[in-house]
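Please open the model in your viewer and keep the selection tool at hand, since this tour goes from one selection to the next and says what is to be found at each stop.

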Amino acid sequence: MELNKQSDWVARSLRSVWHPCTQMQHHETIPLIPVSRGKGAWLYDHEGRRYLDAISSWWVNLFGHANPRINAALKDQLDTLEHAMLAGFTHEPVIELSEKLSALTGHVLGHSFYASDGASAVEIALKMSFHSWRNNGHADKQEFVCLKGSYHGETIGALAVTDVALFKDAYGPLLRASQTVMSPDARAAAEGETAQDVARRAAADVERLFIERGDKIAAIIIEPLVQCATGMAMHDPLYLQLVRALCDQHNVHLILDEIAVGCGRTGTFFACEQAGVWPDFLCLSKGISGGYLPLSLVMTRDEIYQAFYSNDVTRGFLHSHSYTGNPLACRAALATLQIFEEDDILNANRVKAARLTQALQPLAQHQQVRNFRQRGMIWAFDAIDAPKDFSRRFFATATEHELLMRPIGSTVYMMPPYILSDEEIDGLAANTLAVFNKVMAG
Ligand SMILES: *Cc1c(COP(=O)(O)O)cnc(C)c1O
């Protein structure tokens with residue numbers, strides 16, 4: 001009985017669970033790994049093997065699995081209030097979280113609207129932008145602009161501002177058209193061009209579009225500094241400054257999707273801080289609850305909030321989700337923010353990042369690697385002439401080296417939790433090199 005446990009879980013899962021972002025037939029050859037428990041940066045399977053969670057379980061788990069401080073906060077919250085509806089009622093965790101987040105923006109983004117997942121936060125920002133223009137007498141501003149290679153989630157509205165063919169093409173007929181502008185991806189630099197030159201070129205593309213049809217455009221949505229899901233495409237903060245100015249000049253809202261890049265991932269708490277600009281809408285999710293519970297939110301400027309404030313019901317933002325502002329999720333987020341403060345995480349991460357970048361030098365200088373790049377707690381590089389099925393083979397080989405990693409196409413990346421010890425950092429670098437060499441050798 002005991003001996004078969006692992007394979008029993010696999011068989012039962014494949015019989016009843018439809019796994020996300022997966023061609024299920026691939027599990028005939030690729031292992032499915034049943035996780036029995038997690039501790040710190042590690043996940044453990046039923047046979048006692050362990051896996052270093054180098055991608056924070058799809059970028060959510062900031063402070064490791066079974067974090068003692070988040071666990072304690074949740075146990076306390078569980079015995080106090082597990083849930084209450086947020087229409088007509090309010091509660092301490094959602095108030096405190098909204099106040100703390102507002103303070104982190106210097107109160108520029110004064111109100112937070114809550115949902116449960118990232119795609120819903122994007123839907124909310126799009127709807128709010130359109131509706132606030134309408135309330136202000138600009139009902140003709142109905143279009144949205146996104147970047148080449150953008151990813152903002154996979155519900156119908158969010159997919160419309162996503163530019164990843166693999167996720168989008170099959171559903172094309174269902175989607176509202178959006179305008180796509182050049183990505184400021186620094187890898188697009190021509191001979192002799194800097195990342196800032198690329199940023200200027202990409203901003204000029206935005207300007208061209210705004211001049212042509214700015215009066216029809218409600219908002220441009222951008223994932224600041226790193227376009228993660230398209231393969232960790234990094235750009236210069238200058239791009240955000242230029243686009244912010246263009247938005248002001250042409251009366252277009254700026255939506256920043258910080259679902260992946262927020263919460264310290266790029267080195268500052270909000271990525272946009274590195275450009276010294278604030279958006280009109282800022283979307284957060286993923287890491288905000290420490291990877292514990294589904295939580296997302298949209299922060300807005302007071303002008304946006306005021307555009308809905310009226311004695312007329314239909315001028316209000318009537319959007320809702322059942323679990324809006326769930327107290328347990330908000331409490332997990334508060335515990336997460338407290339760890340940032342208590343452990344001075346942003347500074348501690350600088351030290352960890354320097355060590356991992358150093359340890360990854362054999363890969364940075366590897367003959368089969370190009371575009372080694374890093375920002376904050378994100379590392380990525382592209383395999384040159386990657387063999388067929390590189391991503392899936394890398395994932396499978398990594399599991400044999402105690403690693404959880406899922407390359408995006410031929411881009412290998414790391415987004416580890418912020419709690420790695422020096423030993424774990426060095427092990428991560430050494431094992432990644434070993435896995436890369438094995439996969440490239442075929
Ligand atoms: C993950 C992600 C989303 C979607 O969030 P879900 O919770 O998966 O719906 C949106 N935007 C970005 C930038 C993301 O990384």
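Select Gly118 together with the ligand: in this predicted model, a backbone N or O atom of Gly118 lies 2.8 Å from an oxygen atom of the ligand. Add Ala119 to the selection, and you will find that one of its backbone N or O atoms also lies 2.8 Å from an oxygen atom of the ligand. Now add Lys286, where it is a polar atom of the side chain that lies 2.6 Å from a ligand oxygen atom. On its own the ligand has 380 Å² of accessible area, and the protein covers 83% of that area.

Next, widen the selection to the whole shell, in which the ligand is surrounded by Trp59, Asp117, Gly118, Ala119, Tyr151, His152, Gly153, Glu223, Asp257, Ile259, Ala260 and Lys286. If you colour this shell by residue class, its members divide into 5 nonpolar, 3 polar and 4 charged residues.

Then leave the ligand and select Met232, which sits in the loop between strand E8 (226-227) and strand E9 (233-234). Its phi angle is near 50°, a positive value in a residue other than glycine. Is Met232 buried or exposed? Its relative accessibility is 0%, so Met232 counts as buried.

Asn371 is the next residue to select, and this one is found within strand E13, which runs over residues 369-375. Here, too, phi is positive in a residue other than glycine, with a value near 55° for Asn371. Because the relative accessibility of Asn371 is 33%, which falls between the limits of 20% for buried and 50% for exposed, Asn371 counts as partly exposed.

Finally, zoom out and show the chain as a cartoon, in which there are 15 helices and 16 strands. Along its principal axes, the C-alpha trace spans about 65 × 60 × 45 Å. How does the radius of gyration of the chain, 22 Å, stand against what a compact globule would have? For 442 residues a compact globule would have a radius near 22 Å, so the value for the chain agrees with it.

With the surface switched on, you are looking at an accessible area of about 19,900 Å², of which 53% belongs to carbon and sulfur atoms. Beneath that view, 52% of the 442 residues count as buried. As a last step, display the contacts within the chain: among those with a separation of 6 or more, 71% are between residues 24 or more positions apart.

Key: Residues numbered from 1 in each chain as written. Predicted model: local features only at pLDDT ≥ 70, side-chain atom pairs only at ≥ 80, totals over all residues. Heavy atoms only, no water. Near = heavy atom within 4 Å. Polar contact = N/O pair within 3.5 Å; in protein donor to acceptor, adjacent residues only side chain to side chain. Areas by Shrake-Rupley, 256 points an atom, 1.4 Å probe, with all protein chains shown as cover. Nonpolar A, V, L, I, M, F, W, Y, C, P; charged D, E, K, R; others polar. Helix = DSSP H or I, 4+ residues; strand = E, 2+ residues; numbered from the N terminus. Rg over C-alpha atoms; globule rule 2.2 N^0.38 Å. Buried < 20%, exposed > 50% of the residue type's maximum accessible area, 1.4 Å probe, protein only. Contact = heavy atoms within 4.5 Å.
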